[in-house]
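Thank you all for coming. Please have a look at the sequence and the structure on the screen, and then I will talk through one helix and one pocket.

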Amino acid sequence: MKLEKRDIIVRPRRLRRTDALRRLVRETSLHKDDFIAPLFICTGENKRHSISSMPGIYQCAKIFLFVSIYEGFGIPVAEAQASGIPVVTSNTSSLPEAAGKHSELVDPKDAHQISASIGLILDNSGLRRQMIESGLVYATRFSERSIASRLMEIYSEEIEGNKSG
């Protein structure tokens with residue numbers, strides 16, 4: 001199956017749940033065909049893509065749009081960044097930390113702000129390139145190796161603190 005290059009990738013349950021995204025399509029020049037909904041992309045056998053194919057799906061887009069009111073962390077944001085895709089995400093919950101300062105942070109209820117952020121990235125190749133480069137670096141903070149190393153530091157500090165105290 002060959003995926004077409006689209007402008008924006010969005011997790012589909014967010015598209016259904018978020019009124020702002022519905023308004024975004026209705027009130028702006030964006031069209032529903034500008035979006036890729038990766039969890040609904042099927043193979044000829046009508047099977048959904050496995051999680052291991054997600055990086056390839058992310059790379060079919062120019063932007064990853066992850067607009068949500070609340071998230072526990074925002075793993076898809078880190079996945080998109082690690083795949084070299086600029087991120088537009090909510091300025092709420094844990095998403096600013098997951099996305100980092102080089103991502104576009106928007107009010108998840110403001111369709112015009114979301115649209116403006118998308119337009120800014122699509123119209124400015126220098127900004128897009130900078131977001132990709134910074135996102136790739138930032139995403140390494142969430143690699144297994146990086147997390148394991150930080151946990152070992154914390155445990156070592158605790159062990160040393162307990163020996164002294």
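**One helix and one pocket**

Let me begin with helix α7, which covers residues 125–139 of this predicted model. Helix α7 has 15 residues, and from its first C-alpha to its last it reaches 21 Å, which is close to the 21 Å expected at 1.5 Å a residue.

Which residues of α7 are buried? They are L127, R128, M131, I132, G135, Y138 and A139. If you look down the axis of α7, these buried residues fall within an arc of 140 degrees, so they line one face of the helix. On the other side of α7 you will find S125 and V137, which are exposed.

What, then, do the buried residues of α7 pack against? Their partners are the helices α4, α5 (95–99) and α6 (111–123), together with the strands β3 (61–66), β4 (87–90) and β5 (104–106).

Now to the pocket, where A139, one of the buried residues of α7, appears again as part of the lining of the second largest pocket. This pocket holds about 190 Å³ of space, and besides A139 its lining consists of F73, I75, A78, E79, A82, F142, S143, E144 and I147. Two helices, α4 (75–82) and α8 (144–164), each supply at least two residues of that lining, and α4 gives the most, with 4 residues. If we sort the lining by character, we find 7 nonpolar residues, 1 polar residue and 2 charged ones.

So, to return to α4, please keep in mind that this helix packs against the buried residues of α7 and also gives the most residues to the lining of the second largest pocket.

Key:
Residues are numbered from 1 along each chain as its sequence is written. This is a predicted model: local features need pLDDT of at least 70, side-chain atom pairs count only at pLDDT 80 or more; totals for chains, interfaces and linings use all residues. Side-chain values use heavy atoms; hydrogens and water are left out. On a 1 Å grid over the protein atoms alone, a cavity is a set of points where a 1.4 Å probe fits but cannot get out, and a pocket is an open set with protein on both sides within 12 Å along at least five of seven lines; lining residues have an atom within 4 Å of a point. Grid points are joined across faces, edges and corners, and a volume is the space filled by probe spheres set on the points. Ala, Val, Leu, Ile, Met, Phe, Trp, Tyr, Cys and Pro count as nonpolar, Asp, Glu, Lys and Arg as charged, and the others, Gly among them, as polar. The expected span of a helix is 1.5 Å times one less than its number of residues. Buried means under 20% relative accessible area, exposed over 50%, partly exposed in between (1.4 Å probe, protein chains only). The arc is that of the directions from the helix axis to the C-beta atoms. Contact means heavy atoms within 4.5 Å.
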